[in-house]
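Hi,

Here is the structure I said I'd pass on. Have a look at it first, and my notes follow below.

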Amino acid sequence: LVLGYPIKLRVYEVNERQGVTKSKDIVLEDLVFVHDFAVTKDFIIFMLQPYICPLAKVLSSGVGANSLGTEFKWLGDSSSSEGRQTRVVVLAKEDLSTVLDEKIPAFSFDHVINAFQEDD
């Protein structure tokens, strides 16, 4: 994550011989909890759930005023005026171009166990 304005999720391609060969920034509306992502033969998939921490809370946790983990709040309640959706971002592994960037009904998860493509 790149903190600042705007907040970004930076994705890198790293080559053993050359180091970083490509990078891609995904601009985030808020600081979301990114704990895991999926990788297939051709794609990298991020599911950005509406589990959000205000940037001011990140800064105060940096000086020991609070624990960052306790500051994330679930905002996926569709009955609320603040209700948010889960954002799905799919990047092509080949060039890190954006293949899909869509919002879907909110859901929460901790770990991605498996990912595959239909042609796998």
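A hairpin takes β1 into β2 through three residues. The two strands run antiparallel, with nine bridges joining them. If you want one pair to zoom in on, valine 14 has valine 20 in β2 as its bridge partner. Keep in mind that this is a predicted model.

Those strands come back when you look at the inside. The largest nonpolar core has 18 residues, and the ones touching the most other members are Val11, Ile26, Leu28, Phe46, Leu48 and Leu91. At least two residues of this core come from each of β1 (7–15), β2 (19–28), β3 (31–32), β5 (43–48), β6 (51–53) and β8 (86–92). Phenylalanine 46 is a good place to start clicking. Skipping neighbours within four places in sequence, phenylalanine 46 is in contact with Leu9, Val11, Ile26 and Phe37, and also with Arg87, Val88, Val89 and Leu91.

Next, valine 90, which lies in strand β8. Its relative accessibility is 11%, so valine 90 counts as buried, the cut-off being under 20%. Which residues does valine 90 touch, not counting those up to four places away in sequence? There are Phe43, Ile44 and Ile45, and then Ser97, Thr98, Val99 and Leu100. For isoleucine 45, the C-alpha to C-alpha distance to valine 90 is 4.5 Å, while the two are 45 residues apart in sequence.

A backbone oddity is worth flagging too. Leucine 96 is not a glycine, yet has a positive phi of about 60°. Most residues other than glycine have a negative phi, which is why I'd point this one out. You'll find leucine 96 in the loop between β8 and β9 (98–104). Is leucine 96 buried or exposed? Buried, because its relative accessibility is 4%.

On the outside, Leu1, Leu3 and Leu55 make up a nonpolar surface patch, and together they have about 260 Å² of accessible area. Leucine 55 belongs to helix α1 (residues 55–62). With a relative accessible area of 31%, leucine 55 is partly exposed. Its contacts, leaving aside neighbours within four places in sequence, are Leu3, Gly4 and Ile7. The C-alpha atoms of leucine 55 and leucine 31 are separated by 6.7 Å, with their positions 24 residues apart along the chain.

Now the charges. Side chains of opposite charge can pair when their charged atoms come close. How many salt bridges does the count come to? Six. Here are three of them, with the details I'd look at:

- Aspartate 25 and lysine 8 meet through their side chains at 3.8 Å, N to O. This pair links distant parts of the chain, with aspartate 25 in strand β2 and lysine 8 in strand β1, 17 residues apart. Both count as partly exposed: aspartate 25 has a relative accessible area of 31% and lysine 8 has 22%.
- Lysine 103 bridges to glutamate 29, and the closest N and O atoms are 2.6 Å apart. Lysine 103 sits in strand β9 and glutamate 29 in the loop between β2 and β3, so the pair links parts of the chain 74 residues apart. Lysine 103 is partly exposed at 42% relative accessibility, whereas glutamate 29 is exposed at 55%.
- Arginine 84 bridges to aspartate 30, with the closest N and O atoms 2.4 Å apart. Arginine 84 lies in the loop between β7 (73–74) and β8, and aspartate 30 in the loop between β2 and β3, so this pair ties together parts that are 54 residues apart in sequence. Both ends are partly exposed, arginine 84 with a relative accessible area of 28% and aspartate 30 with 22%.

One last thing on charges: Lys8, Arg10 and Asp25 are joined into one network by salt bridges that share partners.

Cheers

Conventions
Residues are numbered from 1 along each chain as its sequence is written. This is a predicted model: local features need pLDDT of at least 70, side-chain atom pairs count only at pLDDT 80 or more; totals for chains, interfaces and linings use all residues. Side-chain values use heavy atoms; hydrogens and water are left out. A nonpolar core is a set of buried Ala, Val, Leu, Ile, Met, Phe, Trp, Tyr and Cys residues joined through side-chain atoms within 4.5 Å. Buried means under 20% relative accessible area, exposed over 50%, partly exposed in between (1.4 Å probe, protein chains only). Helices (H or I, at least four residues) and strands (E, at least two) are DSSP runs, numbered from the N terminus. Contact means heavy atoms within 4.5 Å. Patches are made of residues with over 30% relative accessible area and no salt bridge: like charges are joined within 9 Å, nonpolar side chains (Val, Leu, Ile, Met, Phe, Trp, Tyr) within 5 Å. Accessible areas come from the Shrake-Rupley method with a 1.4 Å probe; for residues, only the protein chains shown count as cover. A salt bridge is a side-chain nitrogen of Lys or Arg within 4 Å of a carboxyl oxygen of Asp or Glu. Two strands pair if DSSP finds at least two bridges between them.
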